[in-house]
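Here are a few short exercises to work through with the model open beside you. Try each task before reading its solution.

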Amino acid sequence: MSSITIRAATSADLDRITDIYADAVTNGTASYELEPPSRAEMGQRFDSLIAGGFPYLVAEKDGIVLGYAYAGAFRPRPAYRFVVEDSVYVAPEAKGQGVGLKLMQGLIEAAKAAGFRQVIAVIGDGRPDSASVRLHEKLGFRHSGRLEGSGYKHGRWLDTVFMQLPINDGALIPPDINSLPEQKFRSQNK
């Protein structure tokens, strides 16, 4: 029996990534998008994240992508440059098999290696029993806020939950001047 492999996503994975996200948009409440984006739009999002140096991973088993996760800018203002927002989506047939956990573990390690200091989860439909909330709790994220009734999808109001994981000593020490976020900032402000 083969195991799940976590690896960097490539553009060759985008058809499958698009399908996985389309299911999440159509049938789930984790994303507040109401219509699934096209393959072209997903490609533009992917290219933008890769160009920014952000980690983008897939989980693969027997040559089939079972899920994906990426970290992107939390907000565009430069003071937020050390904070990333995570996203993780798992194919319907792979849910409950530890795919999300493996993806998030890989994503957290990649964010650490790049020198980020905080990973923020913005969880749509953040009920305490939701799979995403439980996954983030298992990984050590702490609850840091709730926006009640902030989304309306599938005929109901949804709360958005914010969870936060400090990495690389979080806000306890000054930023590393050699980190990816600091290097990008310095190169943009020359």
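**Exercise 1: A linked set of charges**

In this predicted model, a network of salt bridges links D125, R127, D129 and R156.

Task: Find where D125 and R156 lie, and work out what their pairing ties together.

Solution. Start with the pair itself: a salt bridge joins the side chains of D125 and R156, at 2.7 Å from N to O. Next, place the partners: D125 is in the loop between β5 (118–124) and α4, while R156 is in strand β7 (residues 156–166), so the pair ties together parts 31 residues apart in sequence. Finally, check accessibility: D125 has 4% relative accessibility and therefore counts as buried, whereas R156, at 35%, counts as partly exposed.

**Exercise 2: Joining two helices**

Task: Which helices hold R39 and D15?

Solution. The side chains of R39 and D15 form a salt bridge (3.0 Å, N to O). R39 belongs to helix α2 (residues 39–51) and D15 to helix α1 (residues 14–27), so this pair ties together parts 24 residues apart in sequence. With a relative accessible area of 36%, R39 is partly exposed.

**Exercise 3: Helix packing**

Task: Classify how α3 and α4 are oriented to each other.

Solution. Helix α3 (residues 99–114) packs against helix α4 (residues 131–138) at about 45°, their axes 10 Å apart. The two are therefore oblique to each other. The crossing of α3 past α4 is right-handed. Now list the contact: α3 supplies G100, L101 and M104, and α4 supplies L135, H136 and K138. Sorted by class, that makes three nonpolar, two polar and one charged residues.

Definitions and conventions
Residues are numbered from 1 along each chain as its sequence is written. This is a predicted model: local features need pLDDT of at least 70, side-chain atom pairs count only at pLDDT 80 or more; totals for chains, interfaces and linings use all residues. Side-chain values use heavy atoms; hydrogens and water are left out. Axes are lines fitted to C-alpha atoms, for helices over the stretch in contact, and angles run from 0 to 180 degrees between N-to-C directions. Helices (H or I, at least four residues) and strands (E, at least two) are DSSP runs, numbered from the N terminus. Angles under 35 degrees count as roughly parallel, over 145 as roughly antiparallel, 65 to 115 as roughly perpendicular and the rest as oblique. A crossing is left-handed if the near helix is turned anticlockwise from the far one by less than a right angle, and right-handed if clockwise. Contact means heavy atoms within 4.5 Å. Ala, Val, Leu, Ile, Met, Phe, Trp, Tyr, Cys and Pro count as nonpolar, Asp, Glu, Lys and Arg as charged, and the others, Gly among them, as polar. A salt bridge is a side-chain nitrogen of Lys or Arg within 4 Å of a carboxyl oxygen of Asp or Glu. Buried means under 20% relative accessible area, exposed over 50%, partly exposed in between (1.4 Å probe, protein chains only).
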